[in-house]
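Reader: Hey, got a minute to go through this one with me? I'd like to start with the empty space inside.
Author: Sure, let's pull it up.

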Amino acid sequence: MTTTDVPTSAGATRSARLASEDVRRIVHPYTPTDSTERFIIESGSGCRVRDVDGREYLDGIGGLGLSQIGHGRREIAEAAAAQITRLEFFHSRWNFSNDRAIELASRLGEISPPGLDHVYFTSGGAEGNDIALRMARFFHYRNGEPDRTWFLGRNLGYHGITYGSGSVTGSAEYHDGFGPMLPNVKFLTAPYPYKREFFHGEDPTEFCLRELRETIEEIGPERIAAMIGEPIMGPGGVLIPPADYWPRVAELLKSYGILLISDEIVTGYGRLGKWFGAEHVGVTPDILVTAKGLTSGYVPHGAVLVNDRVAEMIGRDSGFPIGFTYNGHPTACAVALANLDIIEREGLLRNAEVVGDYLGDQLRALLDLPAVGEVRQLGLMIAVELVSDKETRKPLAGGTGPVADRIREESGVLVRGNPNSFVLTPPLVLTEAEADEAAEGVRSVLRRLRPDGTIE
């Protein structure tokens, strides 16, 4: 539900009372303090969620690209309850561990790209990227190259909003007003072939590789610790690079002794139809950061996977000196194990591929509409780029947020508005019938969308 005029009288509806309490007490990201509009979700099952007024919605965003197995799975509740009654928590500092963390680390070693056999557990994605940055610098420090402190990121890349992860996130809104960010970060052009102006007539991969090489030489290869990037750029608009982009980037980085950090917070655990995006792009990084789909969001959890070389170097002498209270949280690990069981047992990697292609085909059928510029899809990760001019590819006036709102209000389908596109990352349990519903909800609004941003 939404409300723009929040009453506070004793006779107010439950939704209005909750909205009023929320407005007074909760600081919401991206929401002005004078905004009283709230959309309050109360329950969920499968691919659907319900608000406090009982209206049902098709969750086309999967929470925030993390609800692999869908909402309300009793198996997960039972796994968490069983673990809590046995051992809800114990720390993993020094030489302490727990059986669930050991089991999960072994399971991740089985499904991860070959060579990524070591695990550092976190509580989420931004925390994981912070750890990856620390690991990269510490690796070079221990390796006798303490001057390797620079990081290479990409414009439009998103890696979280802590100071470390936010510093390598390539959007000004996460930097402006927050004072000095992490020093020694350089941003490169995103592999976004639809934006022809980014590459000045050059082949996108050739442009990006030349820019990367020139940047390395300008900074000095002996000063760069790592490059961080998403295999497929999610919040940036599901940007799928050319097939030769990542193999050539990885080869160039390796030739300079620069580590590659792959941010698979969104693309991991079946989102693209395989366990990890690395399998799609044909590159195994030195460090791979995961979260979200590890537990399908049932509890916060994350895992940073590293290769032998990195693990051995950072673990020398007194070991890696960074630890969190919740490293290897046994209940979170138990939930993750149950979640991975469901993904495997129900064939959700295959479902993401089959139903993703099915939904992608339906949305690609909208390309003849005047405001639809491009549809990008891999597995159940889809973006629809909206434009005001198909020839110039100029972004839609007013952005995609108002369009996403109309789709939700009119059809009950939740999509995520981004600057140039709106994104769908539904649960991997999505059926073809639900894909039909999602496509029709999107179509019903886009066929009335004009290039000036108005909806008839």
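Reader: How many cavities of 30 Å³ or more are there?
Author: The count is three cavities of 30 Å³ or more. Keep in mind that this is a predicted model.

Reader: What volume does the largest cavity have?
Author: About 60 Å³.

Reader: And which residues line the largest cavity?
Author: The lining is made of G229, P231, W246, L260, I261, S262, E264, A278, V281, V283 and P285. Two elements, β8 (259-263) and α9 (278-281), give two or more residues each to that lining. The largest share is from β8, with three residues.

Reader: What's the mix by class in that lining?
Author: Eight residues are nonpolar, two are polar and one is charged.

Reader: OK, the second largest cavity: how much space lies in there?
Author: About 40 Å³. Its lining consists of R154, L188, T189, C208, E211, L212, M227, Y245 and V249.

Reader: Which helices supply at least two residues of that lining?
Author: α7 (204-219) and α8 (245-255) each do. The largest share, three residues, belongs to α7. By class, this lining splits into six nonpolar residues, one polar and two charged.

Reader: Switching to packing. How many residues does the largest nonpolar core have?
Author: 60 residues. Those with the most contacts inside that core are L104, L108, Y269, L363, L386, F422 and L446. Helix α11 (residues 330-345) contributes the largest share of this core, eight residues.

Reader: Why would nonpolar side chains be buried together?
Author: That is a general tendency of soluble globular proteins.

Reader: Take L446, then. What does L446 touch?
Author: Leaving out residues up to four places away in sequence, L446 touches L366, L369, V372, V384, L386, V403 and F422. Two of these partners, L386 and F422, are also on the list of residues with the most contacts inside the core.
Author: There's also a second, separate core of 27 residues, which includes I228, I261, V304 and A311. I261 lines the largest cavity, too.

Reader: Last thing, confidence. What's the mean pLDDT of the chain?
Author: The mean is 96, and 97% of the residues reach 70 or more.

Reader: Where is the pLDDT below 50?
Author: Over residues 1-5. In the model, that stretch has 19 contacts beyond near neighbours in sequence.

Methods. Residues are numbered from 1 along each chain as its sequence is written. This is a predicted model: local features need pLDDT of at least 70, side-chain atom pairs count only at pLDDT 80 or more; totals for chains, interfaces and linings use all residues. Side-chain values use heavy atoms; hydrogens and water are left out. A nonpolar core is a set of buried Ala, Val, Leu, Ile, Met, Phe, Trp, Tyr and Cys residues joined through side-chain atoms within 4.5 Å. Buried means under 20% relative accessible area, exposed over 50%, partly exposed in between (1.4 Å probe, protein chains only). Helices (H or I, at least four residues) and strands (E, at least two) are DSSP runs, numbered from the N terminus. Contact means heavy atoms within 4.5 Å. pLDDT is the predictor's confidence in each residue, from 0 to 100. On a 1 Å grid over the protein atoms alone, a cavity is a set of points where a 1.4 Å probe fits but cannot get out, and a pocket is an open set with protein on both sides within 12 Å along at least five of seven lines; lining residues have an atom within 4 Å of a point. Grid points are joined across faces, edges and corners, and a volume is the space filled by probe spheres set on the points. Ala, Val, Leu, Ile, Met, Phe, Trp, Tyr, Cys and Pro count as nonpolar, Asp, Glu, Lys and Arg as charged, and the others, Gly among them, as polar.
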